[in-house]
Amino acid sequence: QVQLVESGGGLVQAGGSLRLSCAASGRTFSRYTMGWFRQAPGKEREFVAQISMRFGNTLYADSVKGRFTISRDNAKNTVYLQMNSLKPEDTAVYYCAADPDVVVTPKSDYWGQGTQVTVSS
């Protein structure tokens, strides 16, 4: 049974940092693309960042470029999202996703349960 389990969310002041983790289990993800989406209340789920577990290539949304960094640990089947210089508009539930294709999308195969990130002003 495939599981993606996020952790690391919480409450932080604007300008602060958080690191999210996504631990995958149930299969080998070494050839998958894994990434992060977020969804704020009343808004659609939006792409944040992704990484190729095989090659390490990364892609970021313009809104987080330069502030967020996605990384991976293949030995642990885990993806991380280091979030710096957080802004109130980063407040959302953050979801981890995995896809055998070269991109993660809202229709990707596997999803975590989400972790809440709240940035106070």
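In this predicted model, Glu46 and Arg38 are joined through their side chains by a salt bridge, with an N to O distance of 2.6 Å. The two partners differ in their surroundings. Glu46 is partly exposed, because its relative accessibility is 35%. Arg38 has a relative accessibility of 5% and therefore counts as buried, the limit being under 20%.

The bridge between Glu46 and Arg38 is one of four salt bridges found in a search of the whole structure. Another is formed by the side chains of Asp90 and Arg67, at 2.8 Å from N to O. This pair connects distant parts of the chain, with the two positions 23 residues apart in numbering. Asp90 lies in the loop between strand 8 (78–83) and strand 9 (92–99), whereas Arg67 belongs to the loop between strand 6 (58–60) and strand 7 (68–73). Asp90 and Arg67 are both buried. Through salt bridges with shared partners, Arg38, Glu46, Arg67 and Asp90 are joined into one network. The network thus includes the buried Arg38 as well as the partly exposed Glu46.

A salt bridge is also present between Lys65 and Asp62, where the closest N and O atoms are 3.1 Å apart. Asp62 has a relative accessible area of 66% and is exposed, because this value is over 50%.

The search of the whole structure also gives one disulfide. Cys22 and Cys96 are its two members, with an S to S distance of 2.0 Å. The torsion about their S-S bond is about -80°, so the disulfide is left-handed. Like the pair of Asp90 and Arg67, the two cysteines link distant parts of the chain: Cys22 is in strand 3 (residues 18–25) and Cys96 is in strand 9, 74 residues apart. Both cysteines, Cys22 and Cys96, are buried.

Strand 3, which holds Cys22, is also part of an open sheet of four strands. The strand order in this sheet is 1-3-8-7, and the pairing is antiparallel. Strand 1 (3–7) and strand 7 each have a single partner strand and stand at the edges, so one side of each lacks a neighbour in the sheet. From one strand to the next, the twist averages 15°. In general, the strands of a sheet pair through backbone hydrogen bonds, in either a parallel or an antiparallel manner. Within the present sheet, strand 3 and strand 8 run antiparallel and are joined by six bridges. Leu20 has Leu81 of strand 8 standing opposite.

Ser108 occupies a position in the loop between strand 9 and strand 10 (110–111). With a relative accessibility of 5%, Ser108 is below the 20% limit and therefore counts as buried. The side chain of Ser108 makes a polar contact of 2.9 Å with the side chain of Asp99. Asp99 also appears among the residues in contact with Ser108 when neighbours within four places in sequence are left aside; the others are Ala97, Ala98 and Val103.

Technical notes:
Residues are numbered from 1 along each chain as its sequence is written. This is a predicted model: local features need pLDDT of at least 70, side-chain atom pairs count only at pLDDT 80 or more; totals for chains, interfaces and linings use all residues. Side-chain values use heavy atoms; hydrogens and water are left out. Buried means under 20% relative accessible area, exposed over 50%, partly exposed in between (1.4 Å probe, protein chains only). A disulfide is a pair of cysteine sulfur atoms within 2.5 Å. Two strands pair if DSSP finds at least two bridges between them. Axes are lines fitted to C-alpha atoms, for helices over the stretch in contact, and angles run from 0 to 180 degrees between N-to-C directions. A polar contact is a pair of N or O atoms within 3.5 Å; within protein, one must be able to donate a hydrogen and the other to accept it, and residues adjacent in sequence count only if both atoms are side-chain atoms. Contact means heavy atoms within 4.5 Å.
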